[in-house]
Amino acid sequence: MDVIKETSFKIRRYDKKVKCVYTQARSLLITDQYDQYIKLFKQYLVDYSNSGYISDVHYWLAKSYLAKEDFHNARNTFIVFQQQNLLHYKFSNSVFELAKVYIVLNKKDKECGLLSTMLLKFTSHKAINRAKQLLSKIIIKLKINN
């Protein structure tokens with residue numbers, strides 16, 4: 001029984017530490033300290049790879065890259081997030097955000113595909129109207145350029 005109690009105590013202590021580091025990093029994000037946030041969470045991915053926060057870390061890391069206008073790292077991180085988190089509550093947000101990244105990177109085929117997917121699969125998403133407007137603008141630009 002002592003081994004079970006000791007193991008349980010170590011797990012709780014580890015979980016508490018993981019949550020504390022995650023919370024500290026999130027506070028950097030909230031205060032727009034993106035460079036520090038990115039550095040801390042990249043290390044978090046290494047140090048706490050089994051944490052229950054890993055999917056959230058990927059999402060917020062991608063958002064940080066996006067805020068810094070580091071579109072290539074934002075794209076890559078959103079893709080990793082989406083590949084590993086199809087059922088995550090932020091998945092639909094990541095689809096919209098990745099579409100915006102593809103717009104900046106001038107990847108018309110991918111941006112249209114993502115926005116169309118969003119319109120079909122996430123019809124009640126809070127950004128659905130923005131997605132429709134964005135897709136309409138892209139289609140109009142395509143028609144003008146052709």
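This passage looks at how helices α5 and α6 pack in a predicted model, and then at the largest pocket.

Two packed helices are described by the angle between their axes and the distance between the axes. For helix α5 (residues 91–104) and helix α6 (residues 108–121), the axes come within 8 Å, with a crossing angle of roughly 155 degrees. Angles over 145 count as roughly antiparallel, so that is how α5 sits relative to α6. As for handedness, α5 passes α6 in a left-handed crossing.

On the α5 side, the contact is built from Ser 92, Val 95, Phe 96, Leu 98, Ala 99, Tyr 102 and Ile 103. Facing them, α6 puts in Lys 110, Glu 111, Leu 114, Leu 115 and Met 118. Sorted by class, this contact holds nine nonpolar residues, along with one polar and two charged ones.

Now for the pocket. The largest one in the model has a volume of about 170 Å³, and ten residues line it. Lying nearest its centre are Ile 103, Lys 108, Glu 111, Ile 138 and Lys 141. Two of these names turn up in the helix pair as well: Ile 103 belongs to the α5 side of the contact with α6, and Glu 111 to the α6 side.

Helix α7 (128–145) supplies the largest share of the lining, with six residues. Both α6 and α7 give at least two residues each to the lining. By class, the lining of the largest pocket splits into four nonpolar, two polar and four charged residues, while the contact of α5 with α6 has nine nonpolar, one polar and two charged.

Key
Residues are numbered from 1 along each chain as its sequence is written. This is a predicted model: local features need pLDDT of at least 70, side-chain atom pairs count only at pLDDT 80 or more; totals for chains, interfaces and linings use all residues. Side-chain values use heavy atoms; hydrogens and water are left out. Axes are lines fitted to C-alpha atoms, for helices over the stretch in contact, and angles run from 0 to 180 degrees between N-to-C directions. Helices (H or I, at least four residues) and strands (E, at least two) are DSSP runs, numbered from the N terminus. Angles under 35 degrees count as roughly parallel, over 145 as roughly antiparallel, 65 to 115 as roughly perpendicular and the rest as oblique. A crossing is left-handed if the near helix is turned anticlockwise from the far one by less than a right angle, and right-handed if clockwise. Contact means heavy atoms within 4.5 Å. Ala, Val, Leu, Ile, Met, Phe, Trp, Tyr, Cys and Pro count as nonpolar, Asp, Glu, Lys and Arg as charged, and the others, Gly among them, as polar. On a 1 Å grid over the protein atoms alone, a cavity is a set of points where a 1.4 Å probe fits but cannot get out, and a pocket is an open set with protein on both sides within 12 Å along at least five of seven lines; lining residues have an atom within 4 Å of a point. Grid points are joined across faces, edges and corners, and a volume is the space filled by probe spheres set on the points.
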